[in-house]
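I opened this model to look up a few points of its fold and its chain contacts. My entries follow in the order in which I made them.

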Amino acid sequence: MNLMMLLEMATSHDPDRAAVSAHDVALTYLEMYGRAGAGASYLRERDYQTVAYLGPNSAAFAVTVFAAAGAGIPFWPLNYRLADDQILSLVDTDERVLVLAHQDSVAAVRACHHDVISVDQWLELTAGGTPPAEWPSDPDLVAVLLNTSGTTSKPKTVVLRHRHLVSYVLGSVEFGSADPADAVAVSVPPYHVAGIVNLLTNIFAGRRIVYLDAFAPGAWLETVRRERVTHAMVVPTMLARIVDELDGTPANVPSLRTLSYGGSRVAAATILQALRLFPGTDFVNAYGLTETSSTIAILSPEDHRSALHSDDEAVRARLASAGRVIPGVEAQIRSADGLLLPAGEAGELWLRGDQVSGEYLATESPLDENGWFPTRDRAHFDSAQFLFIEGRADDTIIRGGENIAPAEIEDVLLQHPAVGEAAVVGAPDEEWGQTIVAFVVLREGADADTEEIRSFVRGKLRTSKTPDRIIERDHLPYTDTGKLIRRVLTAEL
Amino acid sequence: MQLRAGMHLVSVVSPASVIVLRAPKKDVEVCCGGVAMAAADNIARDIEVQATGNGNGLILGKRYAHESSELEFLCTRAGAGELTVDGEPFILKDAKPLPPSD
């Protein structure tokens, strides 16, 4: 069980079909399989233990994922947007790590690490390669290492083995199910778990991948039209920027059948606008974590439509849910004392399944004795098994003994016409344990008094959930995939 | 032979091969075309366009299940020969694809 098996099967299915279109090169399935074979031989002959990739989306990235698999060593994508010194501290190791770096970063990496070649060189030396003669079949080998974004705590490195990723792919995609004319636009970066599984599931389905090397909403829309893209996946900030770019005009993307979004919470207003601007497109919301090989719950196109057209408040609320847990994954909500909680009650989400790794490099396993993984996400199920994610458990504010999810207050703040962005955190307090502090960014040209915003929240939530303080800001700190970095705000209090 | 998830089995009568997705904790004999399949550690073969169906043969990318023995395979290479376990045939599992989320 090896990722190379997925590529081999897809190549057998239709060798001359287009596999990847990117700024660097376009490859058919057979060409990609050949390059993966050549890359695997190169890595094996030089006894590399890990191959790191430092660059944007490209055909070279896709080739390297499979080349690493063929050589039986981990593929380790690095965030190329980090500062040089952060990158250098990551690759400053005695292990045999080959760094494939984008041209702009080669010199900086070489200053502290001997084994570095440019992505262009890698493309040259894998060109015209022949398919691999063999590859290791041990399902326990490490396929991918991914650094978490560390929005609440110190970043960790997640370990995903071949069995985790292959289980996810086999459980969620039908082999060869894509039409030869299908194309998926990928704009999530290669160091995000969605970038990895995207590659695997679309290759297995036989769908051409169109890589965008950097995200810009105008270029994204233009690519979807020019390449007749049928599927696309975006993170919520990208969706919000596309909606802003359209400015009320329908998107005019007749080829686009499915648009999936996920990676962090989405403002309900963004989804409602997007549904209106993409009338012919099915929407899918996917929820998952790096530690679970990405998606473990899906809000389907049908769920979106039901929520949109229902008179029932509970059904309408599902537009803000993560949908239902996919087959092959089990989920439980547990209290802090470890008790199983029924529908309607919030607690920590625990997961189990073949795609769930929950494993970190150089850290003790967080799995319990029965293999359940604590996500650290606070969540509840409704009566129809729809999963609602309330945020990170570590972000929960405990004010006067009451557990308060920041997301609930943020959602209300965002309903205020003057508030464009909102972040709610807890501040240490002698009397209450914690008090509620809201950071808000006002919409351009908007003007609002913080007392007035407080009374707006008080009108919709209990007094105990009304922010004790509201602080105005020009901007809030986010990761480059749009996750709010709360620890930066908390550190200021 | 005791099977484990992730193991590859190859046919000795045709190019067909499968990967084990689910296996019971007991010995079973899996045959292709009436002859026992062999475990293969390293997979080496040439690429050729695969037939998508040939009588009783194995179809690339399809899942085969045998409920009473809790066995499930994925065909990773097509080929002739009916798949059986202890003499009984497998059933072709229906696909229940999820909406594309990637």
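**Loops, sheet and contacts**

I began with A:Gln385, which sits in the loop between S19 and strand S20 (387–392) of chain A. I note here that the model is a predicted one.

**Entry: two residues with positive phi**

I looked up the backbone of A:Gln385 and found a positive phi of about 65 degrees, although this residue is not a glycine. Is A:Gln385 buried or exposed? A:Gln385 has 12 C-beta neighbours inside 10 Å and therefore counts as exposed, since the cut-off for exposed is 12 or fewer.

I then turned to A:Ala362, in the loop between strand S18 (359–360) and strand S19 (373–381) of chain A. A:Ala362 has a positive phi of about 55 degrees, and it is not a glycine. I find 7 C-beta neighbours inside 10 Å for A:Ala362, so I enter this residue as exposed.

**Entry: the nine-stranded sheet**

I traced an open sheet of nine strands in chain A, in the order S2-S1-S10-S9-S11-S12-S13-S14-S15, with mixed pairing. Which strands are at the edges? They are strand S2 (26–28) and strand S15 (324–325) of chain A, and each of them pairs on one side only.

At the S2 end, strand S1 (residues 18–21) of chain A is joined to S2(A) by three bridges, and the two run antiparallel. I see A:Ser21 standing opposite A:Ala26 in S2(A). Helix H2 (residues 29–45) of chain A lies across S1 and S2 of chain A and runs at about 95 degrees to S2(A).

I next followed strand S12 (residues 258–262) of chain A. Four of its five residues are buried, so I take S12 to be largely enclosed by the rest of the structure. Strand S11 (residues 231–234) of chain A pairs with S12(A) in the parallel sense over four bridges. In this pairing A:His231 stands opposite A:Thr258 in S12(A). From S11(A) the chain passes through helix H10 (residues 236–246) of chain A to S12(A), and I record this β-α-β crossover as right-handed.

How many bridges join S12(A) to strand S13 (residues 282–289) of chain A? There are five, and the two strands run parallel. Here A:Tyr261 stands opposite A:Asn285 in S13(A). S12(A), helix H11 (residues 268–277) of chain A and S13(A) form a right-handed β-α-β unit.

**Entry: one residue in H11**

I picked A:Ala269, which is in helix H11 of chain A. A:Ala269 has 13 other C-beta atoms within 10 Å and is therefore partly exposed. I also noted a long step in sequence: A:Ala269 and A:Leu414 are 145 residues apart along the chain, while their C-alpha atoms are separated by 8.8 Å.

**Entry: one residue in S22**

I looked up A:Ile404, in strand S22 (residues 402–404) of chain A. Is A:Ile404 buried or exposed? With 22 other C-beta atoms within 10 Å, A:Ile404 is buried; the cut-off for buried is 20 or more. Neighbours within four places in sequence aside, I list its contacts as A:Thr396, A:Ile397, A:Arg399, A:Ile436 and A:Lys465. A:Lys465 is 61 residues from A:Ile404 in sequence, and I read 7.1 Å from C-alpha to C-alpha.

**Entry: a pair of helices**

I compared helix H1 (residues 3–13) of chain A with helix H3 (residues 59–71) of chain A. The axes of H1(A) and H3(A) come within 8 Å and cross at roughly 120 degrees. I therefore enter H1(A) as oblique to H3(A). Which residues meet? A:Leu3, A:Met4 and A:Leu7 in H1(A) meet A:Val65, A:Phe66, A:Ala69 and A:Gly70 in H3(A). By class I have six nonpolar residues, one polar and no charged ones in the contact of H1(A) with H3(A).

**Entry: chain B against chain A**

Last, I looked at the contact of the two chains. I find 23 residues of chain B in contact with 40 residues of chain A. On the side of chain B that touches chain A, strand S2 (17–22) and strand S7 (71–77) of chain B each supply at least two residues. S7(B) gives the most to this side, with three residues. By class, the side of chain B that touches chain A has 13 nonpolar, seven polar and three charged residues.

Conventions: Residues numbered from 1 in each chain as written. Chains lettered and ligands numbered in written order. Predicted model: local features only at pLDDT ≥ 70, side-chain atom pairs only at ≥ 80, totals over all residues. Pairing = 2+ DSSP bridges. Right-handed = clockwise from strand over helix to strand, strands pointing away. Contact = placed C-beta atoms within 7 Å. Nonpolar A, V, L, I, M, F, W, Y, C, P; charged D, E, K, R; others polar. Axes fitted to C-alpha atoms, helices over the stretch in contact; angles between N-to-C directions. Parallel < 35°, antiparallel > 145°, perpendicular 65-115°, else oblique.
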